[in-house]
Amino acid sequence: MLDRARVVAIPLRARFRGVTEREAVIFDAPGGASEFSPFTEYGDAEAAHWLAAAIEFGWGGADGELPPIRRDRIPVNATVPAVPAEDVAGILARFPGCRTAKVKVAERGQSLADDLARVRAVRATLGDEGRIRVDANGGWSVAEAETALAALSGFDLDYAEQPCASIPELAELRSRLRAAGRQRGRPIRIAADESVRKAEDPVAVARAGAADLLVVKAQPLGGIARTLGLVAEAGLPVVVSSALETSVGIAMGLHLAAALPDDALDGACGLGTAALLTGDVTPEPLLPRHGALEVRRPRPDPELLDRRAASPERERWWLDRIARCHAILSQADPQPGG
Ligand SMILES: O=C(O)CCC(=O)c1ccccc1C(=O)O
Ligand SMILES: [Mg+2]
């Protein structure tokens, strides 16, 4: 694996979850290019799930094959980072044809007024027919979420993603929203993201009745086959999202979205994020067109891999991380014969 690994660093168009540059390992694997790109602050145990996913996508699953796909086009949402309202139109222009937008809110150092201005700008650009989702990344307490969602409810939200950090908070908020919604007709739905991908038990949030739908991501959940199993077990509708990967990692999420049963997907997926990168590792990146992505697996280009190459220090750091994560995986699940 290490011989087939290239480490790249790609600047973002706008700051996203505190990051201005995305680092990723791209593998030239026998089954096609694969990607390993856990965020740099994640510990090895968490990052090991991402490596299991990279191995499945590049070297085949348990039986050497990936789950079969059922569709060739996946509608995607625009992803709007926590930018000033005046930058919203420019971001949305990178997602041609997307009628759903997911907007980051509750960013540290910003106020509810910033969120309202950003969501107002999104509604103004998308028009009344557009769908708007907000993603707080667990940044609100239950009381803050109630206040913020009441203020945002005038913009007609599709759902609020991970409004609070913990499962008990999500459950409490969800029951309060439903009590309030009974008077007005339609409660704002709750989507769980971190409570799925960072939890010891990814299905616990569904079992607790703390969410209306789940956001699932192939890399953090340990790959396509495992995620399909989790979705079946959870029994809730899902949105497949990216982890802000290059087009190689996006292809893994696309395969997952294309392999889900027909009734599992809840609207557009969050897989259009290659549009937030200033470049990519392939000349044919997976960018949204007419509001959707084509289901395909782009080939990395040697010249682009060279141009985006990370420093030797960062390359060393990533190769060491792969070795540590691989050791965790082989301990957890010994390969036949050794
Ligand atoms: O869902 C989307 O629209 C894009 C993906 C996204 O928001 C994301 C990307 C990387 C890390 C975390 C998140 C998140 O959903 O919180
Ligand atoms: Mg999220």
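**Close-ups of a predicted model**

**View 1. Asp135 at home in strand S7.** Asp135 sits in strand S7, which covers residues 131–135. Everything in these views comes from a predicted model. Asp135 counts as buried because 24 other C-beta atoms fall within 10 Å, and the cut-off for that label is 20 or more. Setting aside neighbours within four places in sequence, Asp135 is in contact with Lys102, Lys104, Val105, Glu161 and Gln162.

**View 2. Asp193 in its loop.** Look between strand S9 (189–192) and helix H6 (194–197) and you'll find Asp193 in the loop. Asp193 is buried too, so expect company: 23 other C-beta atoms lie within 10 Å. Once neighbours within four places in sequence are left out, the contacts of Asp193 are Glu161, Gln162 and Val215.

**View 3. Three annotated residues at one spot.** An unreviewed UniProt entry lists Asp135, Glu161 and Asp193 under "binding site". They spread over 59 residues of sequence, but no two of their C-alpha atoms are more than 9.0 Å apart, so the three gather at one spot. Glu161 turns up among the contacts of Asp135, and also among those of Asp193.

**View 4. The shell around ligand 1.** Here we have 13 residues around ligand 1, with Thr79, Lys102, Ser241, Leu244 and Gly270 coming nearest. By type, the shell breaks down into seven polar, four charged and two nonpolar residues. Lys102 links back to View 1, being one of the contacts of Asp135.

**View 5. Gly181 in helix H5.** Gly181 belongs to helix H5, which runs over residues 167–184. Is Gly181 buried or partly exposed? Gly181 is partly exposed, because 14 C-beta neighbours lie inside 10 Å. Beyond neighbours within four places in sequence, Gly181 is in contact with Arg186 and Pro187. For a sense of scale, take Pro288, 107 residues away along the chain: its C-alpha atom and that of Gly181 are 34 Å apart.

**View 6. Where the two domains touch.** The domain assignment splits the chain into domain 1 (2–65 + 302–332) and domain 2 (73–294). Their C-alpha centres lie 24 Å apart. Each partner puts residues into the contact: 25 from domain 1 and 25 from domain 2. On the domain 1 side, strands S1 (5–16), S2 (19–27) and S3 (34–36) plus helices H1 (44–59) and H10 (302–307) each chip in at least two residues. S1 has the largest share, with eight residues. That side of domain 1 is made up of 15 nonpolar, six charged and four polar residues.

Technical notes: Residues are numbered from 1 along each chain as its sequence is written. Chains are lettered from A and ligands numbered from 1 in the order in which they are written. This is a predicted model: local features need pLDDT of at least 70, side-chain atom pairs count only at pLDDT 80 or more; totals for chains, interfaces and linings use all residues. A residue is near a molecule or strand if its C-beta atom, placed from the backbone, lies within 6 Å of it. Ala, Val, Leu, Ile, Met, Phe, Trp, Tyr, Cys and Pro count as nonpolar, Asp, Glu, Lys and Arg as charged, and the others, Gly among them, as polar. Helices (H or I, at least four residues) and strands (E, at least two) are DSSP runs, numbered from the N terminus. A residue is buried if 20 or more other C-beta atoms lie within 10 Å of its own, exposed if 12 or fewer, and partly exposed in between; C-beta atoms are placed from the backbone. Two residues are in contact if their C-beta atoms, placed from the backbone, lie within 7 Å. UniProt positions are given in the numbering used here, feature names are shortened, and annotations may be inferred rather than shown by experiment. Domain bounds come from an automatic or database domain assignment.
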